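Subject: The structure for you to look at

Hello,

Here is the structure I promised to pass on to you. Please open it next to this message, and then read on for what turned up.

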Amino acid sequence: MAIPVIDFSKLDGEERAATLAQISNGCEEWGFFQLVNHGVSEELLERVKKVSDEFFKNEREVNFKKSTLVKSLNANQKLENVDWEDVITLLDDNEWPSKTPGFKETMEEYRVELKKLAERVMEVMDENLGLPKGYMKKAFNGGEGVNDAFFGTKVSHYPPCPQPELVTGLRPHTDAGGVILLFQDDQVGGLQILKDGEWIDVQPLRNSIVINTGDQIEVLSNGLYKSVWHRVLATPTGNRRSIASFYNPSLRATIAPAPELVEKANQEVNQTYPKFVFGDYLSIYAEQKFLPKEPRFQAVRAM
C-alpha cells in the first residue's frame, strides 16, 4: 500500500475534476499525499538539497556526534522520550546559519515558493469542502487582509544510527498546525504513517512535496479531514534529510469548525470540536505532542 501521488499541474487542465477528487481522497482517507509537478522548480529543489546537506556536514554533524543522545545510545539501553534527530527551525525573524555559502539565500527563496504552494493547497481544500475561496487562509491569518499566519521551516537530519532498535528517529505524533509541506530525502526512507492500524512507508519520490493535514485542518473541516499519526524510524545507513514547512494559524487566530460544515453534519450545539484560540491549543500540545490528540481538544474546550 502506498500513499497517493497526485500531479498538481492537472488542476489547470481538462483533468481538473479528477485531480480535485484525488486530493479530496488524499485528505479524507489518508491525511498524507505526495504532489508532483507542484510548481516549485527542480533547479531550486536541487539547490535546497545541496545547501542543507552542506549545512549539516559543516555546522551540525560534529556536535551531533558529541551529543548526550549519542553517548546515551552507547549505554545499550532503549531510549525513551528522545528523537534521533538534528533539527533547526527557520523563521523570517530569527537568526539563520551563516557559515554555509548560499544557505540563507536558497532557503529564503524556497520558503517563499512553499508558502505560495501551501496557500494553493488550502484553496483546493476550500473548494473540495464547499467553503468560500480563501476561507482557510483567512481563518489562519486571523481575518480578511491580515497576514499574521505562522510559517516555519524545520531542517532536520536523521544520521545513521548504530542501534536503530533502541531509539526512534521521531516519535509518533500528529501535527498541531495547519498544512505541512515536506521535502523529504529521495534516497533514505524512514517516514511512516498509521493507516487502518498499520504503519505504512511514505515512499521516497524524487523532488515531490509530501502534504499532510494537521490538527487545525481537522477542526476547520469538522473532522472530514483528519490529522494522521506519523513517525520517522532511525536507520543504520544513510543520513535522512527532511525539510518540513508548516503553515499554521496565528497564535491569536480563533479556530472552530466552519459553520457550513457543522450545518451539513446537522450537529447539536455541543459539537465534537471546540472553538479556541490557537495559542492556547499550542500550549497544551507542547506538553502532549506524543499523546492522543482527543484529550487536547477536550482540554482546550475547558479553557
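**Strands and their partners**

In strand β11, the residue that stands opposite Gln184 is Ser242. Before we go further, please keep in mind that this is a predicted model. Gln184 brings us to the pairing of β6 with β11, which is antiparallel and runs over six bridges. Strand β4 (residues 150-158) is also joined to β11, through nine bridges, and these two strands run antiparallel as well. If you would like a residue to click on there, try His157, which stands opposite Arg241 in β11.

How many of the nine residues of β11 are buried? The strand covers residues 240-248, and nine of its nine residues are buried. You can see this on both faces: one side carries Arg240, Ser242, Ala244, Phe246 and Asn248, and the other carries Arg241, Ile243, Ser245 and Tyr247.

Elsewhere there is an open sheet of four strands, in the order β5-β10-β7-β8, with antiparallel pairing. Each of β5 (168-173) and β8 (198-201) has a single partner strand and stands at an edge, so one side of each has no neighbour in the sheet. On average, neighbouring strands of this sheet are turned by 30° against each other, direction ignored. Inside the sheet, β7 pairs with strand β10 (residues 230-233) over three antiparallel bridges. One pair to look for is Ile193 with His230, its bridge partner in β10.

**A serine in a helix**

Next, find Ser52, which lies in helix α2. Is Ser52 buried or exposed? Its relative accessibility is 0%, so Ser52 counts as buried. A polar atom of the Ser52 side chain lies 2.7 Å from the backbone oxygen of Val48. Leaving out residues up to four places away in sequence, Ser52 touches Phe103, Met107, Val155, His157, Arg241 and Ile243. Two of these names should look familiar, since His157 and Arg241 are the residues that stand opposite each other in the β4 and β11 pairing.

**Charged pairs**

Side chains of opposite charge can pair when their charged atoms come close. In this model the count comes to 23 salt bridges, and here are three to look at.

Lys49 forms one with Asp186, where the closest N and O atoms are 2.7 Å apart. This pair links distant parts of the chain, 137 residues apart: Lys49 is in helix α2 (residues 42-66), while Asp186 is in the loop between β6 (179-184) and β7 (191-195). Lys49 counts as buried because its relative accessibility is 9%, and Asp186 counts as buried because its value is 16%.

Arg60 forms a salt bridge with Asp86, with the closest N and O atoms 3.0 Å apart. Arg60 lies in helix α2 and Asp86 in strand β3 (residues 86-90), so the pair ties together parts that are 26 residues apart in sequence. Arg60 has a relative accessibility of 24% and so counts as partly exposed, whereas Asp86 is buried, with a relative accessible area of 8%.

In the third pair, the side chains of Arg296 and Asp215 meet at 2.8 Å, N to O. Arg296 belongs to helix α9 (residues 294-301) and Asp215 to helix α6 (residues 215-220), so this salt bridge ties together parts that are 81 residues apart in sequence. Arg296 counts as buried, at 0% relative accessibility, and Asp215 is buried with a relative accessible area of 0%.

Which residues are joined into one network by salt bridges that share partners? They are Glu42, Glu46, Lys49, Asp186 and Arg206.

**The nonpolar cores**

In soluble globular proteins, nonpolar side chains tend to be buried together. Here the largest nonpolar core has 59 residues, and those with the most contacts inside it are Met107, Tyr110, Leu117 and Phe140. Helix α4 (residues 103-129) gives the largest share of this core, eleven residues. For a closer look, choose Leu117: setting aside neighbours within four places in sequence, Leu117 is in contact with Phe8, Leu35, His38, Val40, Leu181 and Ile209. Another core, of 16 residues, lies apart from the largest one, and among its members are Ile3, Trp30, Phe32 and Phe246. You have already met Phe246 as one of the buried residues of β11.

Enjoy exploring!

Best wishes

Note on methods. Residues numbered from 1 in each chain as written. Predicted model: local features only at pLDDT ≥ 70, side-chain atom pairs only at ≥ 80, totals over all residues. Heavy atoms only, no water. Salt bridge = Lys/Arg side-chain N within 4 Å of Asp/Glu carboxyl O. Buried < 20%, exposed > 50% of the residue type's maximum accessible area, 1.4 Å probe, protein only. Polar contact = N/O pair within 3.5 Å; in protein donor to acceptor, adjacent residues only side chain to side chain. Contact = heavy atoms within 4.5 Å. Pairing = 2+ DSSP bridges. Axes fitted to C-alpha atoms, helices over the stretch in contact; angles between N-to-C directions. Core = buried A, V, L, I, M, F, W, Y, C linked by side-chain atoms within 4.5 Å.
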